[in-house]
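Open the model in your viewer and show side chains as sticks. Keep the sequence panel beside it, and follow the stops in order.

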Amino acid sequence: MPGPTVDAGGDQSTEAAPIPPAVPPGRATVAVLGGLAALGPLTTDLYLPALPGLTADLHSTAPAAQLTLTGSLLGLALGQLLFGPLSDRMGRRRPLLLGMAVYTLATVVCALADSMPVLVAGRSLQGAAGASGLVIARAMVRDRLEGVAMIRFLASMGLISGLAPIFAPVVGAQLLHVTDWRGTFVVLAVLGALLTAGAAVWLRESLPAERRHGGGFATTARAIGGLLRDATFLGYILTTTFAFGALFAYVGGSSVVLQTVYGISPQTYSLIFAVNSIAVVGFTQLNGRVLVQRFTSAALLTAGLAATAVAGAAVILFTAVWDVGLPGVWPALFLLMASMGVVLPNSSAQALTLAPHAAGSASALLGTGTFLCGSIVAPLSSAGGHPSALALGVIVLGCAMLALAAYVLLCRPRGAVVQEA
């Protein structure tokens, strides 16, 4: 049965208010929502193969270059706190179109940056504006669907957004044959413009005026406070946050670690990254179409989090105990990505289910926690200026254990929230 929910004003109720029936989203809507959800991975992954060249071109260091990733993730985290509650008040379309327009302009600034501080600032603004697509896309899904239907739709979006980390490093590496790192930002600027146009044409308002809430900062703070007072909602937020931390330890550290420690080329790295990303897409689809029909969300989350911990432990063993090199580390990283395909859709759906009439605020908290954690852990594998596969494994294992602890202590006592039928 559904657990307690929180309304737009931050008050808890014992039963979820019904969501008005909506017409199932069409293919164009799914494509645009999926593209908006893919914007985060594209923004972070497309330029990863160019990090070493970017560092040399701007006469900087590897830790400083990784701050461009940290700045983007911080922007993605904090921007969702702005656009999520704003969309609960104003509806979804206007904040989305504004954010996407600013994202496109900020990406142009990144392409023209002549120093590392300017690039970091541009990336931060790019992330903050791009957060509008991430948080509002999730809120639009919650406006329309519930339960297993929501998980299935998230799987459809995941199929599109999951292609982003597969092709982004490959495309980024191939772009380096014809342009430099600036060209990757030109591509992102074009994508931002296309998504802005697509949202204007195909995305209809999903939040009726009667379901919006007025008020200013005090009302928003009250809604967020009400959500955070629910222990189970907080548990799913923390579970998703720390799981995402393990993911971004890999995303932020793998480029420098694999290319520097193991001496592979940008093209080889992009191939490894693409193969590992196939695991996310495959298991996201398997989760949404098969696993949720046969297993409870509790069982899937437990198994996924355990697999994440095993992946981190394996990286540690294959570097500190048995130094077998890339042939040992690569399968462990593949397992890490596969586990994300199970953990993230289920934990996100559980959290959103608890806030049907504050979906924007709930989505903002969900995204802010994940990207804030990602911004912290992304540069840690190169702490001290020395990239380390061992440090990468330690960070993944630590995040996995924190996620598992949050789930077991805060979520499991009350059981699954999303109905299994």
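Select T107. Is T107 buried or exposed? Its relative accessible area is 0%, so T107 counts as buried. This is a predicted model, so treat each stop as a computed result. T107 belongs to helix α4. Now show Q126 as well. The side chains of T107 and Q126 make a polar contact at 3.0 Å. Leaving out residues up to four places away in sequence, T107 touches Q126, F185, L188 and A189.

**Along helix α5**

Next, pick A128. This residue lies in helix α5. A128 has a relative accessible area of 23%, so it counts as partly exposed. Add S72 to the selection. In sequence, A128 and S72 are 56 residues apart; in space, their C-alpha atoms are 7.4 Å apart. What does A128 touch, not counting residues up to four places away in sequence? The partners are G75, L76, G79 and F83.

Move on to V135. Helix α5 holds V135 too. Here the relative accessibility is 1%, so V135 counts as buried. Select L76 and draw a distance between the C-alpha atoms. V135 and L76 are 9.4 Å apart by that path, with their positions 59 residues apart in sequence. Beyond residues up to four places away in sequence, V135 touches Q80, F83, G84, G360, S363 and A364. F83 is worth keeping on screen: it is among the contacts of A128 and among those of V135.

Now select R138. You are still in helix α5, which covers residues 116-144. R138 is buried, yet it has no salt bridge. Which side chain of opposite charge is nearest to R138? It is D88, and the gap is 11 Å. A salt bridge needs a side-chain nitrogen of Lys or Arg within 4 Å of a carboxyl oxygen of Asp or Glu, so D88 is out of reach for R138. Look at Q80 instead. The side chain of R138 makes a polar contact with the side chain of Q80, at 2.7 Å. Show the rest of the surroundings. Not counting residues up to four places away in sequence, R138 touches Q80, L352, S363, L366 and G367. Two of these names are familiar: Q80 and S363 are also touched by V135.

**The charged network**

Side chains of opposite charge can pair when their charged atoms come close. How many salt bridges does the count come to? The count is two. Select D88, R92 and D143 together. These residues are linked in a network of salt bridges.

Start with D88 and R92. Their side chains meet in a salt bridge at 3.0 Å, N to O. Both D88 and R92 are buried. Then take R92 and D143. This salt bridge spans 2.8 Å, N to O. R92 sits in the loop between α3 (62-90) and α4 (93-112), while D143 is in helix α5, so the pair ties together parts 51 residues apart in sequence. D143 is buried, as is R92.

**Out to the surface**

Switch to a surface view. Select L74, L372, I376 and L380. Together they make a nonpolar surface patch of about 320 Å². Focus on L74, which lies in helix α3. Its relative accessibility is 34%, so L74 counts as partly exposed.

Next, go to H59. You will find H59 in the loop between α2 (51-57) and α3. Is H59 buried or exposed? At 75% relative accessibility, H59 counts as exposed. Check the backbone here. Phi of H59 is near 55 degrees, a positive value in a residue other than glycine.

**Zoom out**

Finish with the whole chain in cartoon view. You should see 14 helices and two strands. The chain has 421 residues, and 59% of them count as buried. The chain exposes about 15200 Å², and carbon and sulfur atoms supply 72% of that area. Which share of the contacts with a separation of 6 or more comes from residues 24 or more positions apart? That share is 86%. To end, colour R92 and D143 once more: this salt bridge joins the loop between α3 and α4 to helix α5.

Technical notes: Residues are numbered from 1 along each chain as its sequence is written. This is a predicted model: local features need pLDDT of at least 70, side-chain atom pairs count only at pLDDT 80 or more; totals for chains, interfaces and linings use all residues. Side-chain values use heavy atoms; hydrogens and water are left out. Helices (H or I, at least four residues) and strands (E, at least two) are DSSP runs, numbered from the N terminus. Buried means under 20% relative accessible area, exposed over 50%, partly exposed in between (1.4 Å probe, protein chains only). Lys and Arg count as positive and Asp and Glu as negative; His and the chain ends are not counted. A polar contact is a pair of N or O atoms within 3.5 Å; within protein, one must be able to donate a hydrogen and the other to accept it, and residues adjacent in sequence count only if both atoms are side-chain atoms. Contact means heavy atoms within 4.5 Å. Patches are made of residues with over 30% relative accessible area and no salt bridge: like charges are joined within 9 Å, nonpolar side chains (Val, Leu, Ile, Met, Phe, Trp, Tyr) within 5 Å. Accessible areas come from the Shrake-Rupley method with a 1.4 Å probe; for residues, only the protein chains shown count as cover.
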